[in-house]
Amino acid sequence: CRTTKSKPSKPSKPLESCSKEPLGLVGPRTISETVAVDLERIEKESTADGMALGGLFTPKTCKARNSIAIIVPFRDREEHLKIFLHYMVPVLRRQLLQFRIYVIE
């Protein structure tokens with residue numbers, strides 16, 4: 001029986017800190033309270049864009065300068081939660097923050 005030794009992997013280069021003023025910021029947004037979104041769609045889009053299940057997002061291209069936790073009190077306000085997540089998750093991503101969203105009932 002012959003075994004082959006695998007080459008040790010090279011340590012990956014540490015990520016540089018994210019820019020203080022990220023380029024993807026877009027300015028004021030108009031918020032519509034009638035946006036038709038469902039939580040499954042928000043979850044699918046979020047995980048496809050790098051958010052881990054459990055609400056944690058970490059930028060992949062740089063090291064976040066800030067890490068925040070957002071606690072959302074939730075009590076029979078599913079429509080408000082959908083609107084909040086639909087608008088806030090992209091805003092927080094563009095700011096290149098490491099963040100986790102806790103939805104507490």
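A disulfide is taken here as a pair of cysteine sulfur atoms within 2.5 Å. In this predicted model, one such bond is present. The disulfide joins C18 and C62, whose sulfur atoms lie 1.9 Å apart. The torsion about the S-S bond of C18 and C62 is about 90°, and the disulfide is therefore right-handed. C18 belongs to the segment before α1 (39–48), whereas C62 sits in the loop between β1 (56–57) and β2 (67–73), so the bond ties together parts that are 44 residues apart in sequence. Both cysteines, C18 and C62, are buried.

The secondary structure of the protein consists of two helices and three strands. Along the sequence these elements follow the pattern α-β-β-α-β. Among contacts in the protein with a separation of 6 or more, 84% are between residues 24 or more positions apart. Of the 105 residues in the protein, 23% are buried. The accessible surface amounts to about 8600 Å², and carbon and sulfur atoms account for 53% of that surface.

The buried residues include a lysine, K82, placed in helix α2 (residues 78–94). The relative accessible area of K82 is 10%. Because buried means under 20% relative accessible area, K82 is classed as buried. When residues up to four places away in sequence are not counted, K82 touches V37, D38, L39 and I42.

The largest pocket was examined next. The space in this pocket comes to about 280 Å³. The pocket is lined by 14 residues, and those closest to its centre are I42, E43, M51, G55 and L85. I42 is thus named both among the residues closest to the centre of the largest pocket and among the contacts of K82. The elements that give two or more residues to the lining are α1, α2 and β3 (98–104). Helix α1 gives the most to the lining of the largest pocket, with five residues. By class, the lining is made up of nine nonpolar, four polar and one charged residues.

Key. Residues numbered from 1 in each chain as written. Predicted model: local features only at pLDDT ≥ 70, side-chain atom pairs only at ≥ 80, totals over all residues. Heavy atoms only, no water. Helix = DSSP H or I, 4+ residues; strand = E, 2+ residues; numbered from the N terminus. Buried < 20%, exposed > 50% of the residue type's maximum accessible area, 1.4 Å probe, protein only. Contact = heavy atoms within 4.5 Å. Areas by Shrake-Rupley, 256 points an atom, 1.4 Å probe, with all protein chains shown as cover. 1 Å grid on protein atoms, 1.4 Å probe; cavity = no way out; pocket = protein on both sides within 12 Å on 5 of 7 lines; lining within 4 Å. Points joined across faces, edges and corners; volume = space filled by probe spheres on them. Nonpolar A, V, L, I, M, F, W, Y, C, P; charged D, E, K, R; others polar.
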